[in-house]
Amino acid sequence: MVLDIFQLVITVISILLFLRVYWIQAGSNSLISMMNMQKKEVLNEIEIEGSCKGLDRETIIRALSYLNLVSKLYLNHCINISMLKTFEGVIIKLLNDKKTQKIYSDFFYEFRDQIKTAEPPYINLVYTANLLVNINKRLNKRRFFSPIHSWFYLIRKKIFFNTRSSSRKNWKLASEVFKSIEAI
């Protein structure tokens, strides 16, 4: 009887591991195919110039869409934090740029005022950028916060994002992206 239970447990664990590996491979394949469809040269322009001043509206929207896709894959556990960190500088530069904030505020008010969706535009990107900034602040303090704590923090926040029942916090978080330009 004990042997049967042990075999059953081993079988269930092996099936779960197989499904997890399959999920990771499917996510990686979808990431590769989606990234090949998008024009990633936009990110190189942002990274080299350091700002979006020389870029037009359409290019900034393409960059936002591309980074939103990457963020969505991260929040759905298809890519890990190491892969996301390769986009970290561009994500933070893009959302801190005044021109991008102006374009995003136009989108935000259009979506909010016409109530087309329950979620603000590019919320995956906004939430992921907020996660990256918060985790970097915690890691830079280095007091009682180790990389293991940061890993648990990220997992908890990702689970919260995927299981949230209300989108009011998302609208508030999205509105914080462009609050600095409203003060001007």
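## Salt bridges and ring pairs in a predicted model

Let's start with a charged pair: Arg 62 and Glu 58 form a salt bridge, with their closest N and O atoms 3.8 Å apart. Both residues lie in helix 3, and they are 4 residues apart, about one turn of the helix. Arg 62 counts as partly exposed, at 32% relative accessibility, while Glu 58 counts as exposed, at 52%.

Please keep in mind that this is a predicted model. The protein chain has a mean pLDDT of 77, and 77% of its residues reach 70 or more. Where is confidence lowest, and where is it highest? Helix 10 (residues 179-182) has the lowest mean, at 54, and helix 5 (residues 88-96) has the highest, at 85.

### The salt bridges

The count of salt bridges comes to 3. Here they are side by side.

| Basic residue | Acidic residue | N to O distance |
|---|---|---|
| Arg 62 | Glu 58 | 3.8 Å |
| Lys 85 | Glu 88 | 3.5 Å |
| Lys 102 | Asp 106 | 3.3 Å |

In the bridge between Lys 85 and Glu 88, is Glu 88 buried or exposed? Glu 88 has a relative accessible area of 16%, so it falls under the 20% cut-off and is buried. Its partner Lys 85 counts as partly exposed, at 28% relative accessibility.

The bridge between Lys 102 and Asp 106 sits within helix 6 (residues 98-114), where the two residues are 4 apart, about one turn of the helix. Lys 102 counts as partly exposed at 46% relative accessibility, and Asp 106 counts as partly exposed at 34%.

### The aromatic pairs

Now for the rings. How many aromatic pairs does a search of the whole structure find? It finds 6. One of them joins Tyr 66 and Phe 87: the ring centres are 6.3 Å apart and the planes meet at 65°, so this pair is edge-to-face. Tyr 66 belongs to helix 3 (residues 57-75), whereas Phe 87 is in the loop between helix 4 (81-85) and helix 5, so the pair ties together parts that are 21 residues apart in sequence. Tyr 66 and Phe 87 are both buried.

Another pair is made by Phe 108 and Tyr 109, with ring centres 5.4 Å apart. Why is this pair called edge-to-face? The planes lie at 80° to each other, and an angle over 60 degrees counts as edge-to-face, so the pair earns that name. The two residues can be told apart by their accessibility: Phe 108 is buried, with a relative accessible area of 3%, but Tyr 109 counts as partly exposed at 29%.

Phe 108 and Tyr 109 also belong to a cluster linked by ring pairs, together with Tyr 104, Phe 107 and Tyr 122. A charge joins the picture at Phe 107: the charged end of Arg 57 sits over its ring, 5.4 Å from the centre.

### Helix 7

Finally, have a look at helix 7, which runs over residues 123-141 and has 19 residues. From its first C-alpha to its last it reaches 27 Å, close to the 27 Å expected at 1.5 Å a residue. Which residues of helix 7 are buried? Among them are Ile 123, Leu 125, Val 126, Leu 131, Leu 132 and Ile 135. Asn 124, Tyr 127, Thr 128 and Ala 129 in helix 7 are buried too.

Notes:
Residues numbered from 1 in each chain as written. Predicted model: local features only at pLDDT ≥ 70, side-chain atom pairs only at ≥ 80, totals over all residues. Heavy atoms only, no water. pLDDT = per-residue confidence, 0-100. Phe/Tyr/Trp six-rings, centres within 6.5 Å; stacked < 30°, edge-to-face > 60°. Buried < 20%, exposed > 50% of the residue type's maximum accessible area, 1.4 Å probe, protein only. Lys NZ or Arg CZ within 6 Å of the ring centre and 35° of its normal. Expected span 1.5 Å × (residues − 1). Salt bridge = Lys/Arg side-chain N within 4 Å of Asp/Glu carboxyl O.
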